[in-house]
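I opened this model to look up its aromatic rings. My notes follow, in the order I took them.

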Amino acid sequence: MTVLVKVKKGKTYTLGIQPFTEKSGDDSDELKLALDTKKYSKSYDSLQDPAKALKAYIDTIYLNKDNADYEKYVSENKEAVQTDAYKTFKKAFNDNITDDISDADMKKYYEAYKSAAAEKAKLDAEAVASYKNKAVVKLTYSTISMDDISEKVEKYADEYLDNSENYDSEKAKKYALSKFDSIVSSMEPKEAEDPAEVSMVKKDGKWTVWQENDYTNELEEAFAGGEVY
């Protein structure tokens, strides 16, 4: 029989189990088990492996940052997820700023966005549940918001029109986007109101994000699309 008990690191406990008997009147002795969590310090530390994997996943996939923990803990196909991340950024850019952008320029803007996010995004990952090959990691984070970028782009476009004799929206947009690098580099990160609880699964001895979980989409939307809730 497997019994799951929530405990704190470094504490000692006495676990009591009272057997159930079908015959009324039968008394059964309570089984008491001593638990000293200090004896499991090594295995306790390994419980945070999914958290290390998630942080390495975000650093590597979305922020273009070197994180040695990726090869050590993560089993995800890096190129495939990075391709999906670019598609998410492109959609967010089209929806919030403009959809009349060449793919070459879009990739240039994405690199600028990732560079700014790599410098300013903040991550705090902690495994809060783990059993066999599954885990839940609580992620508190902040990153660059696409809404904030969009507002700044609009301000630059308005600035151009205010100082121009002719109302040329295309030139105003072009002027605003010429400031994109400085816009994203000047952005302050926006913190998510609630932590994400990301489900992780272990495959072939390494961890990966469970793709069926709703928070998986939130990760991509937040760190690739700048949608911070």
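**A charge over a ring**

I started at Tyr86. The charged end of Lys107 sits over the ring of Tyr86, 6.0 Å from the ring centre. I am noting here that the model is predicted.

**Ring pairs**

How many aromatic pairs does a search of the whole structure find? I got 12. I then looked at two of them in detail.

A pair of aromatic rings is described by the distance of the centres and the angle of the planes. I wrote down both values each time.

I took Tyr86 with Tyr110 to begin with. Their centres lie 5.7 Å from each other, and the planes make an angle of 50°. The pair is tilted. Where do the two partners sit? I found Tyr86 in helix α4, residues 78–96. Tyr110 is in helix α5, residues 103–120. The two are 24 residues apart, and the pair links distant parts of the chain. Are these two tyrosines buried or exposed? Both Tyr86 and Tyr110 are buried.

Next I checked Tyr160 and Tyr175. Why is this pair called tilted? The ring centres are 5.5 Å apart and the planes stand at 35°. Planes under 30 degrees apart would count as stacked and over 60 as edge-to-face, so an angle of 35° falls in the tilted class.

I placed this pair on the chain too. Tyr160 belongs to helix α6, residues 146–162, and Tyr175 to helix α7, residues 169–177. The pair therefore ties together parts that are 15 residues apart in sequence.

I looked up accessibility for both rings. Tyr160 has a relative accessibility of 24% and counts as partly exposed. Tyr175 is also partly exposed, at 24%. Buried means under 20%, so neither residue falls in that class.

**The cluster**

Which residues do ring pairs link into a cluster? I listed Tyr86, Phe89, Phe93, Tyr109, Tyr110, Tyr113 and Phe180. Tyr86, the residue under the charged end of Lys107, is thus back on my page as a cluster member.

**The whole chain**

I finished with the overall figures. The protein chain has nine helices and seven strands. Its radius of gyration is 25 Å, whereas a compact globule of 229 residues would have one near 17 Å. The C-alpha trace spans about 95 × 35 × 30 Å along its principal axes.

Buried residues make up 36% of the 229. I also noted the contacts between residues at least 6 apart in sequence: 61% of them join residues at least 24 apart. The accessible surface is about 14,500 Å², and carbon and sulfur atoms hold 44% of that.

Key: Residues numbered from 1 in each chain as written. Predicted model: local features only at pLDDT ≥ 70, side-chain atom pairs only at ≥ 80, totals over all residues. Heavy atoms only, no water. Phe/Tyr/Trp six-rings, centres within 6.5 Å; stacked < 30°, edge-to-face > 60°. Helix = DSSP H or I, 4+ residues; strand = E, 2+ residues; numbered from the N terminus. Buried < 20%, exposed > 50% of the residue type's maximum accessible area, 1.4 Å probe, protein only. Lys NZ or Arg CZ within 6 Å of the ring centre and 35° of its normal. Rg over C-alpha atoms; globule rule 2.2 N^0.38 Å. Contact = heavy atoms within 4.5 Å. Areas by Shrake-Rupley, 256 points an atom, 1.4 Å probe, with all protein chains shown as cover.
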